[in-house]
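User: Could you walk me through how the labels on this model are earned? I'd like each one set against its cut-off.

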Amino acid sequence: MSVTISKCRIVLIGLRQSFKSIRGMMEYSELAYLSNGEFKRLCGVSRNTFGERVEILRPHLDRAGRKGGQNKLDVENQLLLGLEYWREYRSQFHIGVSWD
C-alpha cells in the first residue's frame, strides 16, 4: 500500500511541475531576459518603477520571521501578480491557477 501511495505522489508532483511549465506564467526572476520595453509592455510599469514599488511594499508584505501564516510568494511576485490582475483584468480564479 505504501509503495502505491509513493508512486501516486511522484506522479502528482510530476503533473504539477508539468502544469507549471505550460501555464505560461513566469516569476519575476525569470523576466530578466526581457528588454526594458518588453518588461514595461508586460507589466505596465518600467523596471525602475517596479523596483521602487517593491521597496515601498516590502516592509508591509514581507512576513519572514513574523507570527502567523507565511506568504508563498515573495514581494516581487506579489507585485507582479497584482499588476497582472490590473493590466489584464483576469479573474482571481485564473490567476490562482496560474500562480499555484
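Analyst: Here are a few labels, each checked against its definition. This is a predicted model, where local features need pLDDT of at least 70, side-chain atom pairs count only at pLDDT 80 or more, and totals for chains, interfaces and linings use all residues. Residues are numbered from 1 along each chain as its sequence is written, and side-chain values use heavy atoms, with hydrogens and water left out.

User: Why is Glu-76 called buried?

Analyst: Buried means under 20% relative accessible area, exposed over 50%, partly exposed in between (1.4 Å probe, protein chains only). Glu-76 comes in at 17%, so it counts as buried.

User: What makes the pairing of Glu-76 and Arg-58 side chains a polar contact?

Analyst: A polar contact needs N or O atoms within 3.5 Å; within protein, one must be able to donate a hydrogen and the other to accept it, and residues adjacent in sequence count only if both atoms are side-chain atoms. These two side chains are at 2.8 Å, and the label applies.

User: Why is the Phe-39 and Phe-50 pair called edge-to-face?

Analyst: Rings of Phe, Tyr and Trp (its six-membered ring) pair if their centres lie within 6.5 Å; planes under 30 degrees apart are stacked, over 60 edge-to-face, the rest tilted. Phe-39 and Phe-50 have 5.6 Å centre to centre and 90° between the planes, which fits edge-to-face.

User: How do you know that Phe-50 is buried?

Analyst: Its relative accessible area is 1%, so Phe-50 is buried.

User: And which residues do ring pairs link into a cluster?

Analyst: Tyr-28, Phe-39 and Phe-50.
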